[in-house]
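Work through the exercises below with the sequence and the coordinates open. Each task is followed by a solution in steps.

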Amino acid sequence: MRIAILDDFQAVSREYGDFSGLDVTVFTVPLTDVAAQLAEFEAVVAMRERTRFPADVLRALPRLRLLVTTGRRNAAIDLVAAADLGITVCHTGYRPAAAAEHTWALILAALRRVPVEDGNIRAGRWQSTVGTELDGAVLGLVGLGNLGRRVARVGAAFGMETIAWSSNLDPARAAEAGVTAVPKDELFARADVVSIHYVLSDRSRGLVGAAEIAAMKPGALLVNTSRAGVLDTPAAADAARRGAIRLALDVFDVEPLPAGDPLRDLPNSVLTGHIGYVTEQQYRLFYADAAEDVRAFLAGAPVRVLTP
């Protein structure tokens with residue numbers, strides 16, 4: 001069985017997973033023509049939702065028998081079409097701590113101006129910025145699922161008041177997490193830091209748009225480690241460029257971010273390249289489980305199967 005491992009940007013899949021004895025090809029750059037480049041492969045290991053597998057792409061891969069996704073779900077795979085075509089789809093485990101921790105890495109980097117100060121000290125300068133404390137500030141969470149609750153716990157440790165909104169947020173469940181449920185407009189008006197933790201769907205696309213951004217406090221920080229589509233990134237970038245807000249992004253509408261994208265020169269911002277989940281522990285889990293998924297399929301007993 002010929003196996004393709006996609007989007008292994010750091011070329012570490014063989015280090016973290018046991019693919020010995022398997023016929024594996026590793027792609028370290030994004031695919032440009034999925035159907036053409038994967039035509040000869042019978043199994044594919046996809047990195048989360050980076051590569052889309054809608055029905056037309058799956059139909060264009062007649063040799064494909066097994067599709068493995070890192071993580072426990074993947075909205076980029078048409079599971080109904082896969083089932084109709086006889087393609088088994090399996091998943092791996094996932095560590096939510098990584099993304100929650102990276103959210104705080106971005107918050108602290110932005111509010112304490114870490115990238116600027118790091119560059120300054122390397123250039124021979126000293127103390128050119130003034131930071132902002134978290135103690136006593138208001139943390140606003142757009143979404144209070146597993147990741148949102150993890151972020152809320154850290155906010156409490158910093159002495160922050162945490163408020164949250166989602167379309168179906170139960171105030172009693174929010175209170176159990178030490179969080180106050182508030183209307184959406186109140187969240188954006190009151191929060192000193194707004195952090196997005198919302199699943200992307202047709203209903204949530206553009207959920208945080210120009211109106212919400214305009215309602216934010218002057219100089220407030222907006223963080224997105226969720227999915228780019230939940231945020232109107234151009235509107236957020238415009239506000240950051242005007243100095244109305246500060247911005248911290250780990251996700252983008254086009255990934256990898258093109259070399260000439262104006263976001264690369266955006267002031268009042270901290271940007272990282274979708275690394276919220278990229279940790280040694282996460283990769284050990286992803287690639288070890290992916291290798292196990294492949295071997296189990298070859299043995300005729302698939303594990304961690306996703307169904308429509």
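## Exercise 1: Ala191

Ala191 sits in the loop between α9 (184–190) and β9 (193–196). The model is a predicted one.

**Task.** Decide whether Ala191 is buried or exposed, and find which residues it is in contact with beyond its neighbours within four places in sequence.

**Solution.**
1. The relative accessible area of Ala191 is 0%. Buried means under 20%, so Ala191 is buried.
2. With neighbours within four places in sequence left aside, the contacts of Ala191 are Val138, Leu139, Gly140, Lys217 and Ala220.
3. For a distance check, take Arg122, which is 69 residues from Ala191 in sequence. From C-alpha to C-alpha the two are 33 Å apart in space.

## Exercise 2: Thr92

**Task.** Locate Thr92, state whether it is buried or exposed, and find which backbone nitrogen lies 2.8 Å from a polar atom of its side chain.

**Solution.**
1. Thr92 belongs to the loop between β5 (88–91) and α5.
2. Thr92 has a relative accessible area of 0% and is therefore buried.
3. The backbone nitrogen in question is that of Gly71, 2.8 Å from a polar atom of the Thr92 side chain.
4. Not counting residues up to four places away in sequence, Thr92 touches Val68, Thr69, Thr70, Gly71 and Arg72, and also Leu285, Phe286, Asp289, Ala290, Asp293 and Arg304.

## Exercise 3: Salt bridges

**Task.** For the pairs Arg65 with Glu42, Glu255 with Arg50, and Arg304 with Glu292, give the N to O distance and say where the partners lie.

**Solution.**
1. A pair counts when a side-chain nitrogen of Lys or Arg is within 4 Å of a carboxyl oxygen of Asp or Glu. The count by this rule is 15 salt bridges.
2. In the pair of Arg65 and Glu42, the closest N and O atoms are 3.5 Å apart. Arg65 is in the loop between α3 (55–59) and β4 (66–69), and Glu42 is in the loop between α2 (34–37) and β3 (43–46), so the bridge ties together parts 23 residues apart in sequence. Arg65 is partly exposed at 38% relative accessible area, and Glu42 is partly exposed at 22%.
3. Glu255 and Arg50 meet at 3.0 Å, N to O. This pair links distant parts of the chain, 205 residues apart: Glu255 is in the loop between β11 and β12 (269–271), and Arg50 is in the loop between β3 and α3. Glu255 is partly exposed, with 28% relative accessibility, as is Arg50, with 24%.
4. Arg304 and Glu292 meet at 2.6 Å, N to O. Arg304 lies in the segment after α12 (280–298) and Glu292 within helix α12, so this pair ties together parts 12 residues apart in sequence. Arg304 is partly exposed at 25% relative accessibility, and Glu292 is partly exposed at 41%.
5. Arg304 and Glu292 also belong to a network of salt bridges with Asp289 and Asp293.

## Exercise 4: Helix α11

**Task.** Find which residues of helix α11 (residues 233–241) are buried, and what covers them.

**Solution.**
1. The buried residues in α11 are Thr233, Ala235, Ala236, Ala237, Ala239 and Ala240.
2. Their cover includes α10 (210–214), β10 (221–224) and β11 (246–249).
3. At the start of α11, a side-chain oxygen of Asp232 comes within 3.1 Å of the backbone nitrogen of Ala235.
4. Just after α11, Gly243 has a positive phi of about 85°.

## Exercise 5: A surface patch

**Task.** Find which residues form a nonpolar patch on the surface with Leu108.

**Solution.**
1. Leu108 is in helix α5 (residues 97–111). Leu108 is partly exposed, with a relative accessible area of 33%.
2. The other members of the patch are Val154 and Phe158. Together the three residues have about 200 Å² of accessible area.

## Exercise 6: Annotated spans

**Task.** For the two domain features listed by UniProt, at residues 105–276 and at residues 4–303, give the helix and strand content and the distance between the end C-alpha atoms.

**Solution.**
1. In an unreviewed entry, UniProt lists residues 105–276 as "domain: D-isomer specific 2-hydroxyacid dehydrogenase NAD-binding". This span is 32% helix and 16% strand, with its end C-alpha atoms 9 Å apart.
2. UniProt, again from an unreviewed entry, places "domain: D-isomer specific 2-hydroxyacid dehydrogenase catalytic" at residues 4–303. That span is 34% helix and 15% strand, and its end C-alpha atoms lie 19 Å apart.

Notes: Residues are numbered from 1 along each chain as its sequence is written. This is a predicted model: local features need pLDDT of at least 70, side-chain atom pairs count only at pLDDT 80 or more; totals for chains, interfaces and linings use all residues. Side-chain values use heavy atoms; hydrogens and water are left out. Patches are made of residues with over 30% relative accessible area and no salt bridge: like charges are joined within 9 Å, nonpolar side chains (Val, Leu, Ile, Met, Phe, Trp, Tyr) within 5 Å. Accessible areas come from the Shrake-Rupley method with a 1.4 Å probe; for residues, only the protein chains shown count as cover. Helices (H or I, at least four residues) and strands (E, at least two) are DSSP runs, numbered from the N terminus. Buried means under 20% relative accessible area, exposed over 50%, partly exposed in between (1.4 Å probe, protein chains only). A polar contact is a pair of N or O atoms within 3.5 Å; within protein, one must be able to donate a hydrogen and the other to accept it, and residues adjacent in sequence count only if both atoms are side-chain atoms. Contact means heavy atoms within 4.5 Å. UniProt positions are given in the numbering used here, feature names are shortened, and annotations may be inferred rather than shown by experiment.
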